Amino acid sequence: MAAPPLGRAALRDGRRSRPLIRGRIPRPVARPDRRRADTNARRHEGPMLDTERILSDLNDAQREAVTWGDGPLLILAGAGSGKTRVITHRIAWLVGHHGVDPRGLVAMTFTNKAAGEMKQRAEALLGLDLAGAYVGTFHAFGLRILRAHAVAAGYPPTFVVYDTADQQAIVRAALKERGLASQELPPRRVLTWISRNKTALVAPEDAAAEARGPEQRLLAELYAEYETRLRRAGAVDFDDLLVQVVRLFLERPEIAERYRERIRHLLVDEYQDTNPLQYRLIRLLAERHRNICAVGDEDQSIYAFRGADIRNILDFTRDYPDAHLVKLEQNYRSTGNILAVASGVIRHNTGRYDKTLWTDASDGPRVVVRENRADRDEADWVVGEMLRLARRGDVALEQCAVLYRTNATSRLFEDRLMAHNVPYRVVGALRFWERREVKDLLAWLRMLVHPDSDQDLLRAATTPPRGIGQKTLERVAELAAARGCSLHEAARALAGQPEGLGTRALRALDGFLGTVRDLTDLAATTSTAGTLEAVLEAIDYFAYLERAFPGDHDSRTENVGALVDAAREHDEAGAPDGLAGFLDRVSLRSDTDDVQGERGPSLMTIHAAKGLEFDAVFIVGMNEDLFPHPWSVSDPEGLEEERRLLYVAITRARRLLSLTFSLFRSQFGQVVHARPSRFLDELPPDRIRRSGGAADLGRPVHDGPPARTATPAAGTARTAGRLAYEPEPAQAGAEWFPGMHVEHPTFGPGIVMTVDGPPHDPRLKIRFRNGRLRRIAVRHATLMRGTT
C-alpha cells in the first residue's frame, strides 16, 4: 500500500524558511570546551589507541578537529587540506581513544571509492576491523535500512533497484499508453519532474492538486502511473532509497528511535553537497545524541543542479547554535600561486565562510592565462603544451587534465589528441556499467533474484531474440494490467492458456519461462560468477554478440569477461549476500569509480573532476557564454555557483595551471566573436603570466579591468579596458547574430543559433532555456535583447 502524502513541510522539521545568506558568515561565539566531555557516548572496551601515533602527523587545526569530543562539530575543510585524513583519524580517535562502540558509529559520504578509502585508513590506524560500524554512501545506508524493514515500508523483501534506463522504460510505456511519443515529452524530463517532487516528499495526489495547466496535470498523471508500476514490480528507484527511509522514520517513530539510540556519533562527508532529503535524514538520525560531525567546504558546493542545497552547510551553526567550528586552511596539494589565484576568485562570493587557503610549499610557476585567436588554436596549444611537458619529462601525460564547463567543448581537444595518436580518457562518458552488453546480463541476473521486475523481464525476453514478438508482449501487458499483477505472473498465466497464443509464440514464451525457472533454481545454490556463466551458456550470449555486432563483438565479449571477473571478485570477498548483494553493489556504483588505470591525459567537465587532482591542469573555454554558463549570469546565486566551479577547477592542479580562452568560437556552424570570461578579471595580476595574442608582442592584454556592458554586436571588443588586439567585426552592423542572448515573453531566455532572411525581415532559430529550438520571425514577435 502506498505511503500517505507528507508534503514539503516534512522536510523542514520545523526549521524556519532559510534565505541564502548573502553576507560573510561570522565565526560562532566561543563555546565551552568539550574536548574531554563524554556525556553520552557508550564506552567500548577494546584496545586503546596510541595517542601520539594518531596525532603526530596532524597540524594544529586538524588535531583540534580530530580530538573534539561530543556535540555538534562543523569542520570547514578547504581544498587539499587533508579532509580524508581528518575524518579517518577522527573515526580512529572516537573508537580507540574516546571509547565509542563501532556499532554506534555511522560515517556517510557520496561515493563508494571515498567510503572504501575512509574505512580502510581508519582500520589501518586502529589495527582492527571496524566490524559493526557503517562507513558508506547515503544511498547504500538507505538501502540497508529499507532491506531490513522492507515489509514495514510496503515492499517485498526481494525488491529490486531500478536504474535510469529502467525508469525511462517505465515512462515510455506510460507515454505510449496515452498515445504520446517520447519526442513530445522526453522521459528524462518527466523523471526530473518526478524526482523533484519525490525528494520533496510530495506524493502523486499532492502533485496533482498543485498542478497548474495541462502539462503539469499530465506530469502528475505520469508520476502516479510511474509509482504504481514501481510498486507492482516490487521495485524502487534511487530516490526511494532515501525517500522511503524518511517516510518510514516519520510514520514508524519506534523504528526511527531504534536507530537514533544506536547511532552515538554521526559523521557526514561533503556536507555542502547534501540535498534537503539527505539533510532531513541527518536531522532525524542526530536528534537524540546530537553528536554530528559535518565535514565540507561551501566553496566547493557545485551540485545545485542535482538538488544540493548550500544552505545546509551555511546554516549549520544556526541549526546547532552550540556547534564548534574548525577551519582547515593549510593546503597540501597546490603551489602558492595556484592557491592565490583560487582565493582571488572565490573571495568575490558573498555566501561563504571567511577562510583563505595557504601552503608551506613554494609559490611555483605563475598561472598561465593563454589568449588564442580561435577555438581550434586553443586546442592546438593545449595539446602541444601537454606533449611538450611530457617530452621534457616535466609531467607525464597521465598527470595532465583538460577541464571544461560543458561536454560539448571536448570535441576539438579529442580531435587534436587523435591527430597526434595520443591515447586519452574522457571521464564521465559511457562507463562500464552503462554498456549495453553489461546491462543485458544484469537484467537477466536481476530476473533471477526478483522475477516480478517488469523492465528486466522485457529486456531479458528480447535479448537475445527468442521468437517472443511485440504482439506477445502486448498480450502479456494487457493481461497484467487487467489482473493488476507483474508481467512475469501474467506471462505464466498466458502460457497456461494454450488458446491464448499461436503455437510458435506459445513455444517461445514457454521456453523463456522455463529458462528463467531453471536459472532461478540454480542461482539459489551457485556462486554469483557461476550463475552468470550459466546465464551466458543458457542464452548463448556470445553467439548473439557475434551475430548482432560483427564490427565490435570482440570488445563487447571482453566487457562480458570483465563482468564475470567482477562477479568472481564478489564471490572471493566472501560476501554473505550472494547474487542479491552483488546487484545491490552494482546499482550503487558512481561515475568516477573506474577512472584509474587508464592511459593518457584526462578530459572531463569540472563537475566530473571533483575529488581528483593532477600535476598539470588546463581549464579551457574561459569565455563569456561558456564559463560562466549563459543560463547563470542573470542569477546572483547561479553566478556564485559558477565561481565555485572555477575554484574547484583551479584547486585540482598540483604544480602547473593554465586558463585558456579564444577570440573566435564556432557555434552551430557559425564563427562568432567570443569575449574573455569575466572571471579572468578576478585573478590577482601578480600571480599570473599572460601568453598568446598581444601578450606575446610585449604588450599587456588589458590596460585595466573591463566594465560589464550589455551584449555587444558580434565582433566588437569590450568598451572599457582596451583590448590590445581587436578583431575585425563579423557581420558588422547586424542587428541579430548567432550567439546573441534574447528574451521572449512566452518562451523565456534563449540563444540565437542562426539568422536567415533579408535584413528587413530576419528569421531566427533560437534555442530556449528548456532546450527546445524554435524559428521566430522578428517582425511578428516581441523579442528583447538579453544581457550577459
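# Why these names? Arg 290 and beyond

Author: Let's start with Arg 290, whose place is in the loop between helix 13 and strand 7 (292–296). Please keep in mind that this is a predicted model.

Reader: Why is Arg 290 called partly exposed?

Author: Its relative accessible area is 28%. Buried needs a value under 20% and exposed a value over 50%. A value of 28% fits neither, so Arg 290 is partly exposed.

Reader: What makes the phi of Arg 290 worth a remark?

Author: Phi of Arg 290 is positive, at about 60 degrees, although Arg 290 is not a glycine. Leu 201 is another example: phi is near 60 degrees there, again a positive value in a residue other than glycine. Leu 201 lies in the loop between helix 8 (187–199) and helix 9 (204–210).

Reader: Why does Leu 201 count as buried?

Author: Its relative accessible area is 0%. Since buried means under 20%, Leu 201 belongs in that group. For the wider picture, 56% of the 788 residues of the chain count as buried.

Reader: What makes helix 16 a mostly covered helix?

Author: Helix 16 spans residues 336–346, and 10 of its 11 residues are buried. Among them are Gly 336, Asn 337, Ile 338 and Leu 339.

Reader: Let's turn to rings. How many aromatic pairs does a search of the whole structure find?

Author: There are 12 aromatic pairs. A pair of this kind is described by the distance of the centres and the angle of the planes.

Reader: Why is the pair of Tyr 271 and Phe 316 called edge-to-face?

Author: Take the distance to begin with: the ring centres are 5.7 Å apart, and a pair needs centres within 6.5 Å. Then take the angle: the planes stand at 90 degrees, and over 60 counts as edge-to-face. Both conditions are met, so the pair of Tyr 271 and Phe 316 is edge-to-face.

Reader: Why can we say that this pair ties together parts that are apart in sequence?

Author: Look at where the partners lie. Tyr 271 is in the loop between strand 6 (265–268) and helix 13 (276–286), whereas Phe 316 is in helix 15 (residues 316–319), so the pair links parts 45 residues apart in sequence. Tyr 271 is buried at 1% relative accessibility, and Phe 316 is buried at 0%. Together with Tyr 320, these two residues form one aromatic cluster.

Reader: What sits over the ring of Tyr 320?

Author: The charged end of Arg 283 does, 5.3 Å from the ring centre. The distance limit is 6 Å, with a further limit on the angle from the ring normal. Arg 283 also has a C-alpha atom 9.4 Å from that of Asp 319, although the two residues are 36 apart along the chain. Asp 319 lies in helix 15.

Reader: Why does Asp 319 count as buried at 13%?

Author: Buried means under 20%. Asp 319 has 13% relative accessibility, so the label applies.

Reader: Why are helix 23 and helix 24 called roughly antiparallel?

Author: Their axes come within 10 Å and cross at roughly 160 degrees. Angles over 145 count as roughly antiparallel, so this pair of helices earns the name. Their crossing is right-handed. Residues that meet here include Thr 515 and Leu 519 in helix 23, and Thr 531 and Ala 534 in helix 24.

Reader: What makes helix 19 oblique to helix 27?

Author: Helix 19 (residues 436–449) and helix 27 (residues 578–587) pack at an angle of about 135 degrees, with axes 10 Å apart. Roughly parallel is under 35 degrees, roughly perpendicular is 65 to 115 and roughly antiparallel is over 145. An angle of about 135 degrees falls in none of these ranges, so helix 19 is oblique to helix 27. This crossing is left-handed.

Reader: Lastly, what kind of peptide bond joins Phe 627 and Pro 628?

Author: A cis peptide bond joins them, with omega at about 10 degrees. Both residues are touched by Ser 677, which is buried at 0% relative accessibility. Another cis bond joins Thr 463 and Pro 464, where omega is about -5 degrees.

How values were computed:
Residues are numbered from 1 along each chain as its sequence is written. This is a predicted model: local features need pLDDT of at least 70, side-chain atom pairs count only at pLDDT 80 or more; totals for chains, interfaces and linings use all residues. Side-chain values use heavy atoms; hydrogens and water are left out. Rings of Phe, Tyr and Trp (its six-membered ring) pair if their centres lie within 6.5 Å; planes under 30 degrees apart count as stacked, over 60 as edge-to-face and the rest as tilted. Helices (H or I, at least four residues) and strands (E, at least two) are DSSP runs, numbered from the N terminus. Buried means under 20% relative accessible area, exposed over 50%, partly exposed in between (1.4 Å probe, protein chains only). A charge sits over a ring if NZ of Lys or CZ of Arg is within 6 Å of the ring centre and within 35 degrees of the ring normal. Contact means heavy atoms within 4.5 Å. Axes are lines fitted to C-alpha atoms, for helices over the stretch in contact, and angles run from 0 to 180 degrees between N-to-C directions. A crossing is left-handed if the near helix is turned anticlockwise from the far one by less than a right angle, and right-handed if clockwise. Lists of a residue's contacts leave out its neighbours within four places in sequence.
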